[in-house]
Amino acid sequence: MTYFTSALTGVAMLCAMSASASTIQDMPNQYFDSIAAKLIMAGYRDIQMVDQNAYKLSAFDRDGSEVLIVMHPSSRQILRKSFVHSSDE
């Protein structure tokens, strides 16, 4: 019985570690971390940095479409959003 308990504990720990994995790429600084958090709250996922100087990120929207997002440098508002694949428009 102790082997079963040990195995069950190991599986539970493995599941907990995989569930806590980040769904966003590491952002280059805290500013972009806050932008990524804002996008996640707006329903975007798998957020990745494309061009830090142009404030351009890629993500998937609620419908699963891949989009390129250009953020305003100071207000953190979305300036432009364009679909990567024309079939998603």
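Arg76 lies in the loop between β3 (66–71) and β4 (78–83), where helices (H or I, at least four residues) and strands (E, at least two) are DSSP runs numbered from the N terminus. Although Arg76 is not a glycine, its phi is positive, at about 60 degrees. Most residues other than glycine have a negative phi. The relative accessibility of Arg76 is 32%, so this residue counts as partly exposed, a class that sits between buried (under 20% relative accessible area) and exposed (over 50%), judged with a 1.4 Å probe on protein chains only.

The model is a predicted one, in which local features need pLDDT of at least 70 and side-chain atom pairs count only at pLDDT 80 or more, while totals for chains, interfaces and linings use all residues. Residues are numbered from 1 along each chain as its sequence is written, and side-chain values use heavy atoms, with hydrogens and water left out.

The protein contains two helices and four strands, and these elements follow one another along the sequence in the pattern α-α-β-β-β-β. Of its 89 residues, 20% are buried. The accessible surface, obtained by the Shrake-Rupley method with a 1.4 Å probe and, for residues, with only the protein chains shown counting as cover, comes to about 6300 Å², and carbon and sulfur atoms account for 56% of that surface. Where contact means heavy atoms within 4.5 Å, 18% of the contacts between residues at least 6 apart in sequence join residues that are at least 24 apart.

The strands can be followed in order. Four bridges join β1 (45–51) to β2 (56–60), and the two strands run antiparallel; two strands are taken as paired if DSSP finds at least two bridges between them. Within this pairing, the bridge partner of Gln48 is Ser58 in β2. Ser58 is buried, with a relative accessibility of 9%, and, when residues up to four places away in sequence are not counted, Ser58 touches Asp46, Ile47, Gln48, Val50, Val67 and Leu68. Between β2 and β3 there are five bridges, and here too the strands run antiparallel, with Ala59 standing opposite Val67 in β3. The hairpin formed by β2 and β3 has five residues between its strands, and Gly64 in the turn has a positive phi of about 90 degrees.

Lys81 belongs to strand β4 and is partly exposed, with a relative accessible area of 44%. Its C-alpha atom is separated by 6.4 Å from that of Val67, although the two residues are 14 residues apart along the chain. Apart from neighbours within four places in sequence, Lys81 is in contact with Tyr44, Val67, Leu68 and Ile69. The side chains of Lys81 and Tyr44 are joined by a polar contact of 3.5 Å, a term for a pair of N or O atoms within 3.5 Å of which, within protein, one must be able to donate a hydrogen and the other to accept it, with residues adjacent in sequence counted only if both atoms are side-chain atoms.

Tyr44 also appears in the largest nonpolar core, a set of 14 residues in which Met27, Ile35, Leu39, Tyr44, Ile47, Leu57 and Ile69 touch the most other members. Such a core consists of buried Ala, Val, Leu, Ile, Met, Phe, Trp, Tyr and Cys residues joined through side-chain atoms within 4.5 Å. At least two residues of this core come from each of α2 (30–41), β1, β2 and β3, and α2 gives the most, with five residues. Leu57 has contacts beyond its neighbours within four places in sequence, among them Met27, Ile35, Leu39, Ile47 and Ile69.

There are three aromatic pairs in the structure, a pair being rings of Phe, Tyr and Trp (its six-membered ring) with centres within 6.5 Å, called stacked if the planes are under 30 degrees apart, edge-to-face if over 60, and tilted otherwise. Tyr31 and Phe32 make an edge-to-face pair, at 5.2 Å centre to centre and 85 degrees between the planes, and both residues are buried. Phe32 and Tyr55 make a tilted pair, at 5.7 Å centre to centre and 35 degrees between the planes. This second pair links distant parts of the chain, since Phe32 is in helix α2 and Tyr55 is in the loop between β1 and β2, 23 residues apart. Phe32 has a relative accessible area of 2%, whereas Tyr55 is partly exposed at 25%. Tyr31, Phe32 and Tyr55 form one aromatic cluster. Tyr55 also has a positive phi, near 55 degrees, in the hairpin of β1 and β2, which has four residues between the strands.
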